[in-house]
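Me: Please take a close look at one part of this model for me. Start with a single loop, then work outward from there. Short sentences, please.

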Amino acid sequence: MAQWLKARMQQRLAYDRTLFYHGSAGLLMAGTLAMVLVALGMPTGFGTLVDIGGFVSLNTVALYAAAQLCSVLLTLVFVPVPRLFAGFFLYVGFEAYFILYYSEFGMLMAALFAAAYAICGAVAGMLLGQIVKLPGRGLAIAGIILAGALFVNVAANQLRGASDDAAPAADMDSNYSSADGASDMSLGDGVPFASIEADNPALPGDYSYKAFTYGSGSDKQRSEYGEQTELLATSVDASAYIKKWAWLKKQFWGFDQRELPLNARVWMPEGDGAFPLVLMVHGNHLMEEFSDAGYAYLGELLASRGFIAISVDENFLNYSVWSSIPEQDMKMRAWIMLKHIQQIQSFSTLTDNPFYSKVDFSKVSLIGHSRGGQAVAMAVDYKRWFAEDEGLSSIAQVNFASVVALAPTDKQVDNASARIKDVSYLTLQGARDGDVNSFYGDRQYIRTSFTLGSPYFKASLYMSEANHSRFNSDWGMMDERVPGGLFLNQQNMMTQAEQQQAAKVYVSAFLESTLHGNDAYKPLFENNKTAPDWLPSSSNYVSRYEDASFLAAARYEEDVNKLTLPSGGKLSAEGFKVWEESEAKDRDNRNKGSRGAVLEWDAAASYTLELAGTYSEAIVSKGLNTFSFSMENMGVENRDDDAAAAPQIELELVPSQGQAVRLPLSSFNDIPLPFETQFTIAPWLEKRIKKGKYKESIESVFQTYSLPLARFAEAGGWPSGAKITQITFYFSGAAGRVMLDDIGFYQ
């Protein structure tokens, strides 16, 4: 037997000619590259170079051992193939398969991509082996090295953010820098609408500011919260909510749930206070890749405009490949925000503290991104989850004026969702968000309500070319960690600078309105076309708006009778293929929490609201001067040329005195087509990876249209105080399908 084994082993490499040795070298490089990507997607906290070195070293040993073992087994069973090469090929193929499978590619797609990857690695090695044999191989080798360096540079830019993201694009310079800031604007037919008598809110303000941190003073990972922190904050005990804390998580951070730190970055205006307080919080990124510094672009801007801006550290509540995510993380994100407010309350009572006499707790706003966007809504509605937490009693002294949610999640926590009452709300979302790929902020928008006549409002902005991660400067360019993120489509997407420019415009204007009482920015939320030069031209925008003066004529929630209005009026329709009231749905076909009127037509059609007398009188008595409604263009294709077309819509208002007036809706705002998103690098991948997460390319979202009654009155010669008795929507042109909701009047 020993002699037989020896004879067989002498034949082990009989078929591994030079060409296959080169192929094995190529597979070794392919396996090494795969491990580099895994190391980038599974950080340990020891640093990128350590991670890459460790992963690559272990993989090289495993690859060589597996290849040798495979060659032995193939030799023993007399398989006449290049056996060492086969071992390299099988190892790299299975390695790639498991990486892709756990990146949610599914068995079939993972197997196909893995096989293709191994074949490419082998062929590349064989070709390189032949190239280096050619005369003048020194030049060829230099070319290969140069090409490799260029590839690494391009890959690094793809992973970490391209160089053009370092500064705003040239086309984002504002045309509103004149002394009065005003500009005349109009739509295609030359009809002007309200301009904004204010400067670009994304421009720095007049305040100088100082930046500092407060924290535990003993942070193992970051010196700014350790020995270099300027203010010491007390830790908080979350053991009433978190029962288990992973051992590896404690080793990484140096603490467990019984002593969670209160760490934060502060940008504070200089000068006499008190200043409104704005707290910002990140979402669930990898725990080892810290997120709280990624909102400095907002912190610096807001501080220069007279707000105390604070970015809260909740990285210890984030997911880790090695130690998972703490239980109750969503609830804890809101709880930690409240604990930071209490810490600032304590700071503000100390005469030798930077917060002393600086904070206006009657004007507090919370900003959150991703899970943080849900957490800030929960923090405002904190009694729903923390009514029995006596340690939060001082929060009752705080007045929450507004909430901002950037691409928020909207998961139920303890079978409940936040319901905001008499607090202004703003949400921003990208149509190319590969993480939170449905517009969940729209759900919270719907659940936000006001007391009639109060000063609050709610708004949303949906951006065709924005993604999830670029709201945070430290989250890179992709919405999935590598290697899965490499398959996401980056073409024509807003750069990080452009996406953050849009965020600065809307967040700053919103806080100016809700905390500084600057109503000059209100038209921006009513109609994003009022400030086209403030927003990057690389994206299209859909916006929604409602304030506490809004008096609804139709919301469609009151009953299932499509012929009646809640105030006693009537509804009628002519010429529609479909006329029904149904639930508004998101990209995943789940209910958003509101109903609307769905209208589909092939030819001319009309939809009429006959208003009750009491409602018509209320419009006049309350001084309501703007007709408003929200509409989803659901995107029925033109059946003649198979191309999508915007519907042609006219609005007719009939007064009790004077002439009925019909005006085209396009003279007030655009009627956008639904934004169609290709999430992945190839369309055929959309339904085949991530368990079908990207299967729907379109999500219909509501656009609010605000139509000043003065435009109609001027055209029809209406006397002052004329009552509106009837409203008719006329649809024509290409076949279409829309959903109407929130029809009414406001001031």
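Reply: Ala 274 sits in the loop between S5 and S6. Keep in mind that this is a predicted model. What is special about the peptide bond from Gly 273 to Ala 274? This bond is cis, and its omega is near 0°. Most peptide bonds are trans, and most residues other than glycine have a negative phi.

Now step back to strand S5, which covers residues 264–269 and holds Arg 265. The side chain of Arg 265 meets that of Asp 292 in a salt bridge, with 2.7 Å from N to O. Asp 292 lies in the loop between strand S6 (275–281) and helix H8 (296–304), so this pair ties together parts that are 27 residues apart in sequence. Side chains of opposite charge can pair when their charged atoms come close.

Are these two partners buried or exposed? Asp 292 is buried, because its relative accessibility is 0% and the limit for buried is under 20%. Arg 265 is buried too, at 18%.

Compare that with another salt bridge. Arg 590 pairs with Asp 588, and their closest N and O atoms are 3.0 Å apart. Arg 590 has 40% relative accessibility, so it counts as partly exposed. Asp 588 is partly exposed as well, with a relative accessible area of 25%. Back at our starting area, Arg 265 and Asp 292 belong to a network. Salt bridges that share partners join them to Asp 219, Arg 222, Glu 224 and Asp 313. In total, the structure holds 34 salt bridges.

One more salt bridge spans a long stretch of sequence. Lys 690 pairs with Glu 480, with the closest N and O atoms 3.3 Å apart. Lys 690 lies in the loop between strand S20 (661–664) and S21, and Glu 480 lies in the loop between strand S11 (457–463) and helix H13 (496–514), so the pair ties together parts that are 210 residues apart in sequence. Lys 690 is buried, at 12% relative accessibility. Glu 480 is also buried, with a relative accessible area of 19%.

The loop that holds Glu 480 brings us back to cis bonds. Pro 483 is in the loop between S11 and H13. The peptide bond from Val 482 to Pro 483 is cis, with omega near 5°.

Strand S11 itself holds Lys 458. At 5% relative accessibility, Lys 458 counts as buried. Its C-alpha atom is 14 Å from that of Phe 629, although the two residues are 171 residues apart along the chain.

Next, the backbone angles. Which sign does phi have in Asp 414? It is positive, about 55°, although Asp 414 is not a glycine. Asp 414 lies in the loop between strand S9 (400–406) and strand S10 (424–430). It is partly exposed, at 48%. Asp 422 is in the loop between S9 and S10 too. Its phi is positive as well, near 55°.

Now look inside. How many cavities of 30 Å³ or more does the structure hold? There are five. The largest contains about 100 Å³ of space. Its lining is made by 14 residues, and Val 542, Pro 672, Leu 673, Pro 674 and Val 701 lie nearest its centre. Strand S18 (626–633) and strand S21 (702–708) each supply at least two lining residues. By class, this lining has 10 nonpolar, three polar and one charged residues.

The second largest cavity has a volume of about 80 Å³. It is lined by 16 residues, and Gln 374, Thr 409, Asp 410, Gln 444 and Arg 447 are the closest to its centre. Helix H10 (371–380) and helix H12 (441–446) each give at least two of the lining residues. H10 has the largest share, with four residues. This lining divides into seven nonpolar, six polar and three charged residues.

Finish at the surface. Leu 90, Phe 94, Phe 98, Tyr 101, Tyr 102 and Met 107 make a nonpolar patch of about 690 Å². Helix H4 (residues 83–101) gives the most to this patch, with four residues. Leu 90 is found in H4. It is partly exposed, with a relative accessible area of 41%.

How values were computed:
Residues numbered from 1 in each chain as written. Predicted model: local features only at pLDDT ≥ 70, side-chain atom pairs only at ≥ 80, totals over all residues. Heavy atoms only, no water. Patch = residues over 30% accessible without salt bridge, like charges linked within 9 Å, V, L, I, M, F, W, Y side chains within 5 Å. Areas by Shrake-Rupley, 256 points an atom, 1.4 Å probe, with all protein chains shown as cover. Salt bridge = Lys/Arg side-chain N within 4 Å of Asp/Glu carboxyl O. Buried < 20%, exposed > 50% of the residue type's maximum accessible area, 1.4 Å probe, protein only. 1 Å grid on protein atoms, 1.4 Å probe; cavity = no way out; pocket = protein on both sides within 12 Å on 5 of 7 lines; lining within 4 Å. Points joined across faces, edges and corners; volume = space filled by probe spheres on them. Nonpolar A, V, L, I, M, F, W, Y, C, P; charged D, E, K, R; others polar.
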